[in-house]
Amino acid sequence: ARCPQANMADKMDTDGGDKGSDEKKNFISSKNKDDMSISTKKKEDFGPLLEASIPQNRDLALKEGKKAEAIENLLTVEKQTRLAGDAIATGKVAVEIVKILYETKDWEGINSHVILLSKRRQQLKQVLVEIVQEAMKYIDSTPTEPIKLELIHTLRAVTDGKIHVELERARLTRTLAKMKEAEGKIAEAADLMQEVQVETYGSMEKEEKVDYILEQVRLCLDKGDFVRGAIVSKKISSKTFKDDQLQELKLRYYELLNRIANEKDEYFEMAQNFHEMWNTPSLQDKPEKWMPLLKSVVVLLILSPHDNHQHDFLVRLLEEKKLEQISPYKVLLSHFKTMELIQWSSFQELYKAELQSHAAFQGDKGKKRWDDLQARVVQHNIRVVSTYYTNIRMGRLAQLLELSQEDAEKSVCDMVVAGSLWCRIDRLKGIATFTPTKDPRDTLNSWSNNISELLGKVEKICHLIHKETMLHNVAKQS
């Protein structure tokens, strides 16, 4: 048997638990009723209020000159619509406030009210977008540069760090950069543009995005920062320009890449860029535009150091039919394909006037590039000599290259160091050897492989003869 105190405790626990569960049920049911009342409550229609208040306050500000009173009234209406969560109505009222301030030429009021409206409690994102877009329309209408700058700075401050107005901020930044550039402040303009990472913007159209990045690259190059310009240019892929609508941007893109490559004297890169420009469909029916581009491809290709990529490009370019319309350049290119010596003296007589009129040989780098061209001719001649000679005296080599023995030796050494030629020079005997000495075992293995290959072919021929003989006998018997 349990004691009376234990029975009483159990009764008290039971009563307390029943009371707590009843209170919980009452709370849940009241909460559900409140939720149902909220969900069934209709949003307030502010249409009649806007139709009455906007024209009335507009007339009050513009016709009666009571601008402050009209703005105050509209701010009261804006508060009602904002707290009710009506983005459309709030946007209309906010835009009307900015319009009234613009029509009364109150530029300070525009700046202050744009900031005020953007910082109001529970301000809706769509409203901020509409305010900024409306204020941006007035930038070109500002009476003075300081007022224009102040308005741009205000709008940039309002849009800072807000993803829903990132597109408007990017456009404002570009406008500000143009103003800085017009003042001659290229570095400031470039730094401003670098703050915007438009490649991550999903709201910006593809064409505008590419144009924006190209402007960033151009300002970097104008500033003299070729390293950053090259990095930013890699944000755009060549596949981007497959769309025919981006042909003008494609030409701008490769022109900027040529400025970067020209700074580093990367001739092969420049030749490829000019070739991409020449391949633009919009230029194919305009000889006055594609001919200079094709000439640039040829000139820069022969200036490029010889390697497999350069040789492959040269061979493919010679097959281009349009190259026949500029036949002197086709002949020039063919000299570097055929394994024949090029006499530098006659080469200068034929092509010096034509080549030095080209943009690649003008300016501060003209003399250096002419020396580079002579070096390419000498290197071509050394490759030809190494093809036909196993050993050659340095005096004879210098005569063929039209150089002194010291210059000829230096040219050969440079090619050996670059890895484009194998050569050993015996200075005591004055002999250059272009074929490495083979180990006797390697020679024997090579001879053995050749004999095995030859015997295999002889066996195959014997099998084919025997097969034909059998077929002939069968045909004769039948």
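**Notebook: cavities and one helix pair**

By class, I find that the residues lining the largest cavity divide into three nonpolar, four polar and two charged. I note at the outset that this is a predicted model, and that every value entered here was computed from it.

**Entry 1, the largest cavity.** I began with a search of the whole structure, which turns up two cavities of 30 Å³ or more. For the largest cavity I wrote down a volume of about 70 Å³. Which residues line the largest cavity? I listed Ile 302, Ser 304, His 306, Gln 310, Leu 314, Phe 336, Arg 376, Gln 379 and Arg 383. Two elements, α15 (308-318) and α18 (366-388), each give two or more residues to this lining, and α18 gives the most, with three residues.

**Entry 2, the second largest cavity.** I then turned to the second largest cavity, whose volume comes out at about 60 Å³. Its lining consists of Ile 342, Gln 343, Trp 344, Gln 374, Val 377, Val 378, Asn 381, Leu 400, Leu 401, Glu 402 and Leu 403. The elements that supply two or more of these residues are α18 and α19 (394-401), and the largest share, four residues, comes from α18. Sorted by class, I have seven nonpolar residues, three polar ones and one charged one in the lining of the second largest cavity. Reading back over both entries, I see α18 named as a contributor to the lining of the largest cavity and again to that of the second largest.

**Entry 3, helices α10 and α12.** Next I looked up how helix α10 (residues 206-223) sits against helix α12 (residues 247-264), and found that they pack at an angle of about 25°, with their axes 10 Å apart. Are the two helices roughly parallel or roughly antiparallel? Angles under 35 degrees count as roughly parallel, and α10 and α12 are therefore roughly parallel to each other. I recorded their crossing as left-handed.

For the contact itself, I noted on the α10 side Glu 207, Val 210, Asp 211, Leu 214, Glu 215, Val 217, Arg 218, Leu 221 and Asp 222, and on the α12 side Leu 249, Arg 252, Tyr 253, Leu 256, Arg 259 and Ile 260. By class, what makes up the contact of α10 with α12? I count eight nonpolar and seven charged residues there, with no polar residues.

Terms used
Residues are numbered from 1 along each chain as its sequence is written. This is a predicted model: local features need pLDDT of at least 70, side-chain atom pairs count only at pLDDT 80 or more; totals for chains, interfaces and linings use all residues. Side-chain values use heavy atoms; hydrogens and water are left out. On a 1 Å grid over the protein atoms alone, a cavity is a set of points where a 1.4 Å probe fits but cannot get out, and a pocket is an open set with protein on both sides within 12 Å along at least five of seven lines; lining residues have an atom within 4 Å of a point. Grid points are joined across faces, edges and corners, and a volume is the space filled by probe spheres set on the points. Ala, Val, Leu, Ile, Met, Phe, Trp, Tyr, Cys and Pro count as nonpolar, Asp, Glu, Lys and Arg as charged, and the others, Gly among them, as polar. Axes are lines fitted to C-alpha atoms, for helices over the stretch in contact, and angles run from 0 to 180 degrees between N-to-C directions. Angles under 35 degrees count as roughly parallel, over 145 as roughly antiparallel, 65 to 115 as roughly perpendicular and the rest as oblique. A crossing is left-handed if the near helix is turned anticlockwise from the far one by less than a right angle, and right-handed if clockwise. Contact means heavy atoms within 4.5 Å.
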